[in-house]
Amino acid sequence: MRPSASASLFGDEPLTGSSLTGVLAQHKPANRAQKAFQQLVGRIEAKREQLRHWQAYLQRYNRRITDEVEPSRERLREGQRKMVGLIDELLSLPRNAMRLTRLERAKLGQLLTGMAGGLLAEGGDAALEGLYDKYSGVSYRQVLRSEMEMTESMLSEVFGLEIDGEDGAASTEELLELAQKQMVEQFEEEERLAELRQEARAAKRAKAGAAKADAVQTRREQVAKEVGQSLREVYRKLVSALHPDREPDIKERQRKTHLMQRVNQAYDANDLLTLLGLQLEIEQIDAAHMASVPPQRLAHYNQILREQLAELEVELERCVEPFRGSVGPMSKLTPDNVDREMGVEIARIELQIREVVHDLTAFRDPNYLRQALKLYRLEADFVDAEDLAGLFDVLAPVQPTRAGKKRRRK
């Protein structure tokens with residue numbers, strides 16, 4: 001039979017054989033249980049396909065981060081370091097060398113501290129920190145302390161959390177991590193207390209309905225036992241047909257050994273869908289058989305599939321979670337869209353690199369520098385490195401003409 005594209009939830013081995021969805025579609029469901037069975041099978045196969053795409057994309061994503069994104073970011077950081085050095089060099093020249101006004105020099109100082117602050121946020125650098133302190137009204141260490149104090153105040157006033165540097169936080173990021181940990185601990189403690197209260201109430205109710213509770217529990221255990229028996233019956237049929245020790249032909253024995261490995265893996269994981277798929281693959285069952293499964297057994301199958309679907313959804317969410325925020329609010333979260341956004345990000349970084357390289361030469365031209373600085377608004381407190389990208393968007397397109405007029409570079 002032709003291999004299916006569906007992937008097994010509990011392993012890397014693809015599910016071969018006919019798709020259960022296609023087989024079940026050959027018969028119209030005769031009742032709700034059959035309809036639920038078909039829907040569960042379809043949802044599981046669709047989720048498996050999504051998971052397979054995400055797992056395959058994860059390799060490409062990591063490769064692009066290593067081979068494209070990080071090298072581009074490092075080249076941009078290197079260009080920004082050079083720009084910081086160039087601005088320091090320009091500001092260190094005699095005042096009549098570039099003939100910069102006091103306002104223009106203040107703007108250059110803010111440009112320097114903005115770039116240096118952004119670079120320092122990614123990692124310590126004594127030289128950059130020295131230049132930041134040289135041109136800023138407050139040292140970089142003082143800025144970090146102020147951010148820590150503001151964060152501590154916010155956490156205390158808004159969330160009621162008491163966390164400070166004595167708890168081991170050396171940065172705002174570490175402080176927020178400690179806050180998150182404390183909030184999780186508080187939430188878990190509240191949940192524990194709620195469970196204790198619920199258990200106490202349940203204990204009171206249990207005294208009045210102990211016999212009824214015992215009957216319900218006994219029924220649940222019986223149903224679980226019957227469900228397990230239904231799964232074991234599928235497993236036994238496959239073992240009976242595929243056990244390699246009963247096969248004299250060497251090649252066929254190897255094939256059955258491989259199939260038995262998949263059977264055992266699926267059975268250990270309660271993966272009913274793969275077991276049924278294997279039965280289809282070896283032609284142990286067909287569409288007519290699936291349409292005539294007894295109602296009680298079908299109910300057991302549906303219970304197993306619901307549990308399997310829930311586990312699959314958890315695994316898929318775990319795989320997708322790191323990519324949330326990688327696409328815009330109007331875009332669907334898919335591997336293709338994440339990869340497209342990564343391409344856009346790489347292009348944006350490469351554009352910034354070209355602009356920095358251009359400005360490293362152009363800033364030495366007093367006319368260009370003055371024209372560029374005219375478009376930059378001096379801010380009272382310029383310590384936010386996030387303004388850096390927007391700043392280059394403003395500065396780079398400006399080209400001075402011989403007459404001193406502004407012209408935008410295409």
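## Close-up views of a predicted protein model

**View 1. Gln265 sits in helix 9 (residues 250-268).** Helices here are DSSP runs of H or I with at least four residues, strands are runs of E with at least two, and both are numbered from the N terminus. This is a predicted model, in which local features need pLDDT of at least 70 and side-chain atom pairs count only at pLDDT 80 or more, while totals for chains, interfaces and linings use all residues. Residues are numbered from 1 along each chain as its sequence is written, and side-chain values use heavy atoms, with hydrogens and water left out. Is Gln265 buried or exposed, or something in between? Its relative accessibility is 34%, so Gln265 counts as partly exposed; buried means under 20% relative accessible area, exposed means over 50%, and partly exposed lies in between (1.4 Å probe, protein chains only). Ten residues along the chain from Gln265 comes Leu275, and the two C-alpha atoms are separated by 9.6 Å.

**View 2. The whole protein gives the setting for the other views.** Its 410 residues include 36% that are buried, and the protein has 15 helices and two strands. Contact means heavy atoms within 4.5 Å. Of the contacts with a separation of 6 or more, 65% are between residues 24 or more positions apart. The accessible surface comes to about 24,800 Å², and 51% of that belongs to carbon and sulfur atoms. Accessible areas come from the Shrake-Rupley method with a 1.4 Å probe, and for residues only the protein chains shown count as cover.

**View 3. Asp271 and Arg48 meet in a salt bridge.** A salt bridge is a side-chain nitrogen of Lys or Arg within 4 Å of a carboxyl oxygen of Asp or Glu. For this pair, the N to O distance is 2.8 Å. Asp271 lies in the loop between helix 9 and helix 10 (272-281) and Arg48 in helix 2 (residues 32-92), so the salt bridge ties together parts that are 223 residues apart in sequence. Both partners are buried. Nearby in the sequence, Asn270 belongs to the loop between helix 9 and helix 10. Asn270 has a positive phi, near 55°, in a residue other than glycine. With a relative accessible area of 44%, Asn270 is partly exposed.

**View 4. Glu129 forms a salt bridge with Arg141.** The closest N and O atoms of this pair are 2.7 Å apart. Because Glu129 is in helix 5 (residues 126-135) and Arg141 is in helix 6 (residues 140-159), the pair ties together parts twelve residues apart in sequence. How do the two partners fare for accessibility? Glu129 is buried, at 13% relative accessible area, whereas Arg141 is partly exposed at 48%.

**View 5. Helix 7 holds a salt bridge between Arg192 and Glu189.** Their side chains meet at 2.8 Å, N to O. The two residues are three apart, about one turn of the helix. Arg192 is partly exposed at 41% relative accessibility, and Glu189 is partly exposed too, with 34%. Elsewhere, salt bridges that share partners link Glu70, Arg73, Glu74, Arg77, Glu78, Arg81 and Glu122 in one network. How many salt bridges does a search of the whole structure find? The search finds 23.

**View 6. Ser72 is a buried residue in helix 2.** The relative accessible area of Ser72 is 4%. Which residues does Ser72 contact, leaving aside neighbours within four places in sequence? They are Ile346, Ile349, Glu350 and Ile353.

**View 7. A nonpolar patch on the surface is formed by Met154, Val158, Phe159, Leu176 and Met183.** Patches are made of residues with over 30% relative accessible area and no salt bridge; like charges are joined within 9 Å, and nonpolar side chains (Val, Leu, Ile, Met, Phe, Trp, Tyr) within 5 Å. Together, the five residues named above have about 460 Å² of accessible area. Helix 6 and helix 7 each give two or more residues to the patch, and helix 6 gives the most, with three. Phe159 is found in helix 6 and is partly exposed, with a relative accessible area of 44%.
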